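Okay, thanks everyone for coming. I'll put the model up and then just talk through what I noticed.

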Amino acid sequence: MIDILPLGAEHLAVIETLLDQRFGPARRNRTAYRLRDGTDLLSQFSFVAADGDALVGSVQCWPIQVRGANGRIRPLILLGPVAVAASHEGQGIASALMRASLAAIDAAGAPPVLLIGDAPFYGRFGFTADATREWHLPGPVDQARLLLRGATIGLSRLAWVEAETRDVKVA
Ligand SMILES: CC(C)(COP(=O)(O)OP(=O)(O)OC[C@H]1O[C@@H](n2cnc3c(N)ncnc32)[C@H](O)[C@@H]1OP(=O)(O)O)[C@@H](O)C(=O)NCCC(=O)NCCS
């Protein structure tokens, strides 16, 4: 029996171990990590999966922003990483974590959600690359994997995605 629980401070060290196992230590060089540098985890939108006492999955969310060509800044949520222990893959745990996180985001009326990931998986949760073709990140990104979910009204076609600056609060 798997429980989906709010992510707490007590989970953080175990999550780091899980992420090292699933992505390798080089994960910290990824563009998504540069994007969220210096930001604080949005714990209200972040969840873990527990099998008894064992943490077997996690999803984390971070406050970021997008700066349009006209200079206008809009808040976004960066979702990720999503990881499930190899021993527990294929049981719907990542999907349950995604549903929990997106339900919390929707209930809070929070801004659109951005992630870097595989469209065949994340498309089922409403993510597409349609609005992000001309969005630039602080590092290399495969544009087909830069996926957004949520209202695109007011978002620039040409834009730069950045870590949240302190005057623009996501939540
Ligand atoms: C990707 C990952 C999170 C999936 O976790 P999971 O708990 O096995 O996923 P679920 O059981 O909820 O969903 C599995 C479904 O997603 C599909 N799926 C999983 N990874 C996929 C991918 N990269 N691309 C397309 N589909 C994928 C499976 O085929 C399965 O499809 P089905 O429901 O039609 O049978 C897990 O394999 C993992 O942690 N991998 C290593 C880290 C990683 O790659 N994270 C994602 C970063 S983008």
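Let me start in the middle, with Leu-78. If you skip residues up to four places away in sequence, Leu-78 touches Ala-32, Leu-35, Arg-36, Cys-61, Trp-62, Ile-64, Leu-114 and Leu-115. One thing to say straight away: this is a predicted model.

So where does Leu-78 sit in the bigger picture? The largest nonpolar core has 44 residues, and Leu-78 is one of those that touch the most other members, along with Ile-77, Leu-97, Leu-114 and Leu-115. You'll recognise Leu-114 and Leu-115 from the contact list of Leu-78 a moment ago. As background, nonpolar side chains tend to be buried together in soluble globular proteins. Over the whole protein chain, buried residues come to 34% of the 171.

Okay, zooming out to the fold. We've got four helices and eight strands in the protein chain, and reading along the sequence the pattern goes β-α-α-β-β-β-α-β-α-β-β-β. The protein chain is as compact as a globular protein of its length, because its radius of gyration is 15 Å, close to the 16 Å that the globule rule gives for 171 residues. If you're thinking about a box, the C-alpha atoms fill roughly 50 × 35 × 30 Å along the principal axes. And on contacts: take the pairs at least 6 apart in sequence, and 72% of those contacts join residues at least 24 apart.

Quick word on helix 1. It covers residues 12-23 and spans 16 Å from first C-alpha to last, close to the 16 Å expected at 1.5 Å a residue. Right after helix 1 comes Gly-24, with a positive phi near 85 degrees.

Now the ligand, which is probably what you're waiting for. Which residues come nearest to the ligand? Out of 17 around it, those are Glu-89, Ala-94, Ser-95, Gly-117 and Pro-120. By class, that shell has nine nonpolar, five polar and three charged residues. As for who supplies the shell, helix 1, strand 4, helix 3 and helix 4 each give at least two residues. Strand 4 gives the most, with four.

Stay on strand 4 for a second, if you're setting up anything from this model. Pro-81 is in strand 4, and the peptide bond joining Gly-80 and Pro-81 is cis, with omega about 0 degrees. Strand 4 runs over 73-84, so to speak the stretch to keep on screen while we chat.

That's me done, happy to take questions.

Key. Residues numbered from 1 in each chain as written. Predicted model: local features only at pLDDT ≥ 70, side-chain atom pairs only at ≥ 80, totals over all residues. Rg over C-alpha atoms; globule rule 2.2 N^0.38 Å. Buried ≥ 20, exposed ≤ 12 C-beta atoms within 10 Å, placed from the backbone. Contact = placed C-beta atoms within 7 Å. Core = buried A, V, L, I, M, F, W, Y, C linked by C-beta atoms within 7 Å. Expected span 1.5 Å × (residues − 1). Near = placed C-beta within 6 Å. Nonpolar A, V, L, I, M, F, W, Y, C, P; charged D, E, K, R; others polar.
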